[in-house]
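Visitor: I'd like a close look at just one part here: the surroundings of the ligand. Take your time and tie things together as you go.

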Amino acid sequence: MLIDDKGILFILSGPSGVGKGTVRKRLFEQQTDLKYSISMTTRDKRPGEVDGVDYFYKSKDEFEQLINGNQLLEYAQYVNNYYGTPREYVVNTLDKGYDVFLEIEVQGALQVKKNFPNGVFIFLFPPSLEELKNRIVSRGTESNDLVTNRLREAKKEIDLMEEYDYVVVNDNVDHAVEKIQSIIQSEHCRRERIAKQYKKILEDE
Ligand code: 5GP
């Protein structure tokens with residue numbers, strides 16, 4: 001948390017099936033001051049998932065009302081479902097000085113970049129495309145069509161790496177989490193951010 005200043009927005013994104021969800025969950029199992037922004041989605045709840053914890057589950061109509069009411073910071077249609085980030089939660093939490101963490105697919109990340117160019121964009125990268133394919137297939141909860149769709153999306157997404165500040169190879173979940181924690185720590189030590197706080201302290205004298 002920054003003293004008397006806004007928090008930092010961290011965006012974890014990357015190809016479909018790279019393990020963004022797993023890495024994000026492991027990161028939040030550790031002690032952290034980060035606030036996770038729970039997304040809205042129209043997709044069906046998977047076994048074990050809880051409304052208001054994993055996602056806020058919405059009907060298509062409800063989701064479209066959120067879009068029309070400009071209540072989403074970004075949203076994307078992904079494999080025939082909507083996914084989106086609640087604007088108010090993110091803006092209010094950053095204003096309170098907390099860091100906010102988003103875990104979203106790449107189209108949404110690009111939209112966030114337009115509104116929050118100072119956000120820190122982290123691209124989670126697969127150790128190899130072959131491994132990525134195996135992970136998507138072995139998840140086994142989806143039909144062949146869905147698997148083919150997810151793979152096609154993944155190849156397009158990899159081209160988007162250039163838009164990011166950091167790339168973390170997900171060869172091992174714990175290593176990936178450690179690297180993300182280092183990125184967060186480094187961003188808090190950036191001269192621009194520190195100088196701003198110190199100037200403020202002196203101005204208050
Ligand atoms: P899943 O259905 O496996 O939970 O998520 C599918 C994809 O949607 C993942 O790549 C996940 O990161 C992404 N996703 C989750 N929440 C959001 C969101 O709020 N916005 C966007 N654009 N993508 C999201």
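Guide: A polar contact here is a pair of N or O atoms within 3.5 Å. Keep in mind that this is a predicted model. With that cut-off in hand, start at R46: one of its polar side-chain atoms sits 3.1 Å from an oxygen atom of the ligand, so the pair counts as a polar contact. R43 also faces a ligand oxygen, with a side-chain N or O atom 2.6 Å from it. E74 deals with a nitrogen atom of the ligand instead, and its polar side-chain atom is 2.7 Å away. As for cover, the ligand on its own would expose 510 Å², and the protein buries 93% of that.

Zooming out a bit, 15 residues surround the ligand. The closest include R43 again, along with S39, Y55, Y83 and E103. Follow E103 and you land in the sheet, since strand 7 spans 100–103. That sheet is open, with five parallel-paired strands in the order 2-7-1-8-9, so strand 7 sits between strands 2 and 1. The edges are strand 2 (35–36) and strand 9 (166–169), each pairing on one side only.

Strand 7 also has a helix over it: helix 4 (residues 106–115) lies across strand 7, strand 1 (9–13) and strand 8, at about 155° to strand 1. On the far side of strand 1 in that order comes strand 8, then strand 9. Strand 8 (residues 120–125) and strand 9 share four bridges in the parallel sense, and F123 stands opposite V167 there.

Key: Residues numbered from 1 in each chain as written. Predicted model: local features only at pLDDT ≥ 70, side-chain atom pairs only at ≥ 80, totals over all residues. Heavy atoms only, no water. Pairing = 2+ DSSP bridges. Helix = DSSP H or I, 4+ residues; strand = E, 2+ residues; numbered from the N terminus. Contact = heavy atoms within 4.5 Å. Axes fitted to C-alpha atoms, helices over the stretch in contact; angles between N-to-C directions. Near = heavy atom within 4 Å. Polar contact = N/O pair within 3.5 Å; in protein donor to acceptor, adjacent residues only side chain to side chain. Areas by Shrake-Rupley, 256 points an atom, 1.4 Å probe, with all protein chains shown as cover.
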